[in-house]
Amino acid sequence: MDSLELNKSAFALAAFSVTSASLMAQTSKFEAQQKSDRPNIVLVIAEDLSPRWGCYGDKVARTPNLDALASEGVRFTNVHTMCGVSGPSRSGLITGIFQNFTNMPNMRSCQFPGGGYFAVPQPDVKAYPELLRRSGYFTYCDVKFDYQFALPTAPGAFSIFNETEKGYGNLQSHTLSPRWREYDLKGRPFYFNYNPQITHESGLFFTDDNSLPEGMKKSAMNWDKLREMYKDRIVPTNPKKVSTEPFFIDTKATRKEIARHYDNIQVMDCQVGDLIKNLKEDGLWDNTIFIVTTDHGDCLPRSKRDLYNSSTLVPMIVHVPDKYRPAWLGANGTVNNRLISFEDIPTTLLSIAGVKRPTHLYGIDLSQDKPAERKFVYANRARQANAMWHSFSVQNTKYQYIRNLTDDPNGTSIAYRNVLATVKDLNRAHETGKLPKKMMNWYEKRPVEEFYDLTKDPNEFNNVINDPAYEEEIVRFRKALDEFRDRGNDATLIPEARLRASILDANGKQRVTEQPVVTQDEVNHMVYITNLTDYASIGYSFDGKNWDIYTKAFAVPAGVKRIFVKAVRYGWKESGTLTFEVKN
C-alpha cells in the first residue's frame, strides 16, 4: 500500500471514529428517555389522506418508508376519525371527546360567517397532551393545531405543550425534523405530535392556475418549494397510471390532480422515513411508541367534508416496543382488522403512560391485553364554511347508517374546494347533463336517513334505507345512534349564532381568564396558587420564559426572588402575568 492509500485509510478511520464518537455522544444524551419505564410517544397525523399507501395495496403509491414501518409495526384497516374534516376531527382527537359534545362541531368557529369566535369546551375538559405534561412528560407539537379554541396554527393554551414550532410559513417547520435534540427534556419521557401538511387540499393547487385567488396561489408556491426540497427522492407520478375512482370524471385535469396528490404522499413518506431514522440514530426507537395516521380521508371531493367511509376511514400503522406491547396486538408485520375510533387514541395513550383516565372519556383502552371489542364507530358533522351539513353516522365493518338533520347537498358549492380540477369536472358534467347517475345524489338534497351495505356497495352509492331486507339492521343502527346522542349536551342542535353569543361576554368579546392568586405559606414556605376561573390551567415560571404547569404546592428553589404566574381556560384569552415576590 503506497503512502497516498495509507493516508486515505487513516483519514477514513479518523472520520469513522469521529462519527462513531458523535453518534455515541448523541445517543447517551437521551439515556433517560431510552431507559424510562414510561414510553416516549410520537404521533404523526398527516393531512387529508385516505389509505393510499403501498402497504395498503395501492399500486400507484410510492411509500417505501411507510411500507417498511408496516413491517416493524402493525397495520390497521378499520380506523375511523370522528369527522371528515380537519377542525372538528382534531378537536375530538385532542380532547378524546366527540366534538359535538364539547361545543366544537362546526368547521373553524373562527371563520363562522356570522362572526368569528373561538369555541369553548366544558371547563373540566383538558387536552390529553396537557394531562401527559402534568404527569411529567415533555410535550411538543409542530405547525398544525386546529382545535377550534384558537386559530388553526395556534394551540390556544400555553398549558398543552412545552414547545411548539414558531411559524407555519417557515418551510423547515414542515420537515418533521428531530426537535427533541433542540430542547432540554430534563430527563422526561416525551410526547411529540407532528402534522405533515404537504398532503393537505392546498397541496393540489397549481401555481399556473390563473383562477386561483392570491392566498391560494401563495399556498401553492410554498408547497412547490417544499416539494423542491425532496425532488431527488421522489418520482413524479404518471397521470395515466392513476385511478380516477368511481365518483370522478376521467379527464386529463382530474388525473393530473390525483397524480399531484400521489407526489405529495411521496414527500410525506420521505419525512416519516427521516423521522424514524433520527429516532433510531438517537437510540430512542426501542422505547418509543410510534403512530402514523391521518386526520380524515382524501382531500378530494366525495371524501373530505362528507360523512362516508371515504371521509372517515384512515390508515394507521403503530410501532409498539416489546415491553409495552399488549397481548392482542400481535407480531410486527401483521394486519389487524379491529374496529377503532379516534376517541380510543387519547384513552390508550394516557393509560400506557400511567395517567389516570378522566371519567368523561368513552374511548376503549387498547393498551390492555384484552380490550373490549368495539361494536360501532361514530362520526358527525355540522356547519362547514357556508354549508349546513348537520349529520350523524354510526357504522361497523358491514353497514353504515346516516341521519341528516339538514338537507344541504353534499355537493354544495364551497369556495375553497371549487378550485380543484376534480370538482370543476364534476360540476361541468352535472351542468351539461353528463354526470353519471350514481353521482347525481351528491348534488341532490340529502334524505333524512341513509343506509349502506358496505360489503356489496363499498362506495356507498345505493341507499337501501327503504329496502325491507335490511329492516332489522336499520332498527339496530338507529338505536345505536340514539344511545350515542344521549352521551351529553349536543351542540350540533344549537344554532351557531346562539352558541357564539353564549361563549362571548356581554360586549361580544372573547372572555378573559381570571388572574391567579398566589400565596406563600409562612410555616412550610410552600407556594400555593389558585384561580377563580373554573378548571383554568395555571402555569408558573421562575424566569418568565420556561413555564411549568401548577398541579400542587411547591418549594421555591434557592436564589429565586420572584415567580411569574398566569392562567388560561381553553377558548378564553389567558390572564395577565402576575409577578410574585418570594419571601425570604
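How many positive and negative side chains does the protein chain have, and how far apart do the centres of the two sets lie? In this predicted model, the protein chain carries 74 positive and 70 negative side chains. The centres of the two sets lie 2 Å apart.

## Overall build

The protein chain has 13 helices and 18 strands. Its radius of gyration is 25 Å, close to the 25 Å that the globule rule gives for 584 residues, so the chain is as compact as a globular protein of that length. Along the principal axes, the C-alpha trace spans about 85 × 80 × 50 Å.

## Burial, contacts and surface

Of the 584 residues, 58% count as buried. Contacts often bridge long stretches of sequence: among those between residues at least 6 apart, 70% join residues at least 24 apart.

The accessible surface of the protein chain comes to about 24,800 Å². Carbon and sulfur atoms account for 52% of that surface.

## The β13–β14 hairpin

Strand β13 covers residues 517-520 and runs antiparallel to β14. Four bridges join the two strands. Across this pairing, V518 stands opposite I529 in β14. Six residues lie between the strands of the hairpin, and H525 takes a positive phi near 65 degrees.

Strand β14 spans residues 527-530, and its side chains alternate. V527 and I529 point to one face and are buried. Y528 and T530 point to the other face and are not buried. In a regular strand, side chains alternate between the two faces of the sheet. I529 thus belongs to the buried face of β14, and V518 is the residue that stands opposite I529.

Notes. Residues are numbered from 1 along each chain as its sequence is written. Side-chain values use heavy atoms; hydrogens and water are left out. The radius of gyration is taken over C-alpha atoms; the globule rule is 2.2 Å times the number of residues to the power 0.38. Buried means under 20% relative accessible area, exposed over 50%, partly exposed in between (1.4 Å probe, protein chains only). Contact means heavy atoms within 4.5 Å. Accessible areas come from the Shrake-Rupley method with a 1.4 Å probe; for residues, only the protein chains shown count as cover. Lys and Arg count as positive and Asp and Glu as negative; His and the chain ends are not counted. The place of a charge is taken as NZ of Lys, CZ of Arg, CG of Asp or CD of Glu. Two strands pair if DSSP finds at least two bridges between them.
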